[in-house]
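Here are my notes on this one, as a set of numbered points. Have the model open while you read.

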Number of protein chains: 2
Amino acid sequence: MNDLGQTAVSAGKAPRTERGRKTVRKLLEAAAQEFGERGYHEAAITGITTRAGVALGTFYTYFESKEELFRALVRDMSHATRAHVAEAVRGAPDRLAAERTGLAAFIAFTRQHPELYRIIEESQFVAEDAYREHYLSFVEGYRDGLAAARARGEIAEGPDELRAWALIGMSVFLGMRYGLWRHDMEPAEVADRAIDLVSEGLRKR
Amino acid sequence: MNDLGQTAVSAGKAPRTERGRKTVRKLLEAAAQEFGERGYHEAAITGITTRAGVALGTFYTYFESKEELFRALVRDMSHATRAHVAEAVRGAPDRLAAERTGLAAFIAFTRQHPELYRIIEESQFVAEDAYREHYLSFVEGYRDGLAAARARGEIAEGPDELRAWALIGMSVFLGMRYGLWRHDMEPAEVADRAIDLVSEGLRKR
DNA sequence: CGCAAAGCTGAAAGTCGGTTCAAGTTCGCG
DNA sequence: CGCGAACTTGAACCGACTTTCAGCTTTGCG
C-alpha cells in the first residue's frame, strides 16, 4: 500500500515538485479510504479532498475525473494484491504447498485491507474493463503456475485455465466469508481445509 | 422469471385490481431489464417506466423508492436462481452427480439470464444485507446437502460449511467466465471438468 | 347507471455532487 | 531577490435524477 501512484496520475497532470507528489499521495490514500468505506457512488470528491486536507479544486489538478482516479486505484490494488500473493508463495517446496500459503496470504490480506477487496470487486460495476484486466492477469499467472507444476509431475493432468478460474473463485469467496464477513477461523486454517478439499477431492476412498 | 412479484410490492401499496397487478408485473420486468443492462446507478426510474409503457408517477403508486424495488428484485432473483438449481439437481443418483448437474444448470442459467447474475452481484454494493441473505441461504442448503451425502458415506469427511463456500465461489466465477464473458465451452463440459477437479483432487495418484 | 376507490399522468420541486475557473499563494531556479 | 511555473483555493455552475402531487381517467360493484 506504499506504492500508490505510479500508474495513478493522468497523463500531463503528473506533479513536478515534491509538494505536488506529496499531495497526490495524500489524495490517493484518502480516495482508497473513501471508496473503500462508502463505495464508488456514495463516495464524494469533497470527502476525498477533506480527508486529504486539501481544497476541492486541487483534486482536478491531478485527476481528470472521479472515474479516472477510481480506475487508477483499481490498477494499483490489483497489482498490490497479486504482488502480495506472489511474495507469499515464493519458495514454496511444491505446488500444493504454494496453493496453501497463497490462499492463506490472500485471506489474511483481505482481512487487513478490506477496502482493497471492495474496490476491486466494485470495479465490476464501475470500470468493467479494469475488473476483467485484474482477473485475466490473475488467471494468466495462475494458469502458468499450474501448467509448470503439471509438467513437473506435481499435480494430476487437467485443464489449467479452467482450474485457475475455479481456484480463484474459491479463494475470492473464502476471502469474503472468512476475511471480510466473519473472523471465526484463522486464514491458515481456512487455507488448510480448503486446499485439503482441492488436493484430495470429495470422492471417498 | 415468471414469478416476479410475490415479495416485490411494498406493504400498503399492493395493487387491488387486475389492471394494477398487470402494471406491477410490467414494472418489475422493465426494472429487471433496466438494472441488468445499465446497473443500479445508471438505471433511471424514467427508463423503467418508459420500458414498461407507463408514466413516471405510476412507479410510486407501487414502490416506495428505487432501492426498495431493487431489493425486491434481488429477493425474487435469489429465489429463482436457487429454485432453478434445486430443480436441476432433483433426482440425481448421488452427490457427485448432483454437483455436476447443479453446476451445469447454474452456468447455463447465467448464460440465459445475465441480468439476473448482474443484479445479484451488484446488490453487494447497493443492498449488502440482501446480498448476504442470498449467499447465506445458498450456503445453508448446500451445506445440508453435503452433510447428508457425507452421512450416507458418498463423499469423504470434511467441513461442510467451508466446502459449501468454496464450491459456491468456484461456481460463481465459472458462471462469470463461461456464462457471462465468453461462451467458448458448453456449460456441461465446464461442469464436467470442474467437478472432476473437485471430486478427484489435484494430487497426483 | 352512478359513484367511490383505484389507478394513472407528467410537470415541477428539490437535491446533490461532479466539474470549472479566475484569482491568490508557494516554490525553486538563475 | 525576482519572476515564472507549479500549486492551491472554494464559490458557482450545471445537469441529472429521484420524488411529490393535484388533477384526471378507469374500474368494478350495487
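How many nonpolar, polar and charged residues does the surface near DNA strand C have? That is point 1, after a word on the ground rules. This is a predicted model, where local features need pLDDT of at least 70, side-chain atom pairs count only at pLDDT 80 or more, and totals for chains, interfaces and linings use all residues. Residues are numbered from 1 along each chain as its sequence is written, while chains are lettered from A and ligands numbered from 1 in the order in which they are written.

1. **DNA strand C.** The surface here has eight nonpolar, 10 polar and five charged residues. For the classes, Ala, Val, Leu, Ile, Met, Phe, Trp, Tyr, Cys and Pro count as nonpolar, Asp, Glu, Lys and Arg as charged, and the others, Gly among them, as polar. In all, 23 residues surround the strand, and the closest include A:Gly57, A:Ser65 and B:Gly20; "near" has the C-beta atom, placed from the backbone, within 6 Å. H3(B) brings the largest share, four residues. Helices are DSSP runs (H or I, at least four residues), numbered from the N terminus.

2. **DNA strand D.** 23 residues sit around this strand too, with A:Gly20, A:Val54, A:Ala55, A:Gly57 and B:Gly57 coming nearest. Two or more residues each come from H1 and H3 of chain A, and from H1, helix H2 (45-52) and H3 of chain B. H3(A) gives the most, with four residues.

3. **How the chains are related.** A turn of 180° and a shift of 0.0 Å along the axis lay chain B on chain A with an RMSD of 0.0 Å (least-squares superposition on the C-alpha atoms of residues with pLDDT of at least 70 in both copies). That is the relation of a two-fold axis. In chain B, B:Gly201 has the C-alpha nearest the axis, 1.9 Å from it.

4. **The chain-chain interface.** Here 36 residues of chain B are in contact with 36 residues of chain A, contact being C-beta atoms, placed from the backbone, within 7 Å. H8(B) supplies the largest share of chain B's side, 11 residues. That side divides into 18 nonpolar, eight polar and 10 charged residues. The copies meet through the same surface, because 100% of the interface residues of chain B are also interface residues in chain A.

5. **The cores.** In the largest nonpolar core, of 68 residues, A:Ala166, A:Ala194, B:Ala166 and B:Ala194 touch the most other members. Such a core is a set of buried Ala, Val, Leu, Ile, Met, Phe, Trp, Tyr and Cys residues joined through C-beta atoms within 7 Å. Buried takes 20 or more other C-beta atoms within 10 Å of a residue's own, exposed 12 or fewer, and partly exposed lies in between. Beyond neighbours within four places in sequence, B:Ala166 contacts A:Met170, A:Phe173, A:Leu174, A:Ala194 and A:Leu197. A second, separate core has 50 residues, including A:Phe35 and B:Leu69.

6. **Helix H7 of chain A.** H7(A) has 24 residues and spans 34 Å from first C-alpha to last, close to the 34 Å expected (1.5 Å times one less than the number of residues). Its buried residues are A:His134, A:Tyr135, A:Val139, A:Tyr142 and A:Leu146; these pack against helices H4, H6 and H8 of chain A. A:Ala147, also in H7, counts as partly exposed because it has 15 C-beta neighbours inside 10 Å. Just after the helix, A:Gly153 takes a positive phi of about 80°.

Terms used:
Two residues are in contact if their C-beta atoms, placed from the backbone, lie within 7 Å.
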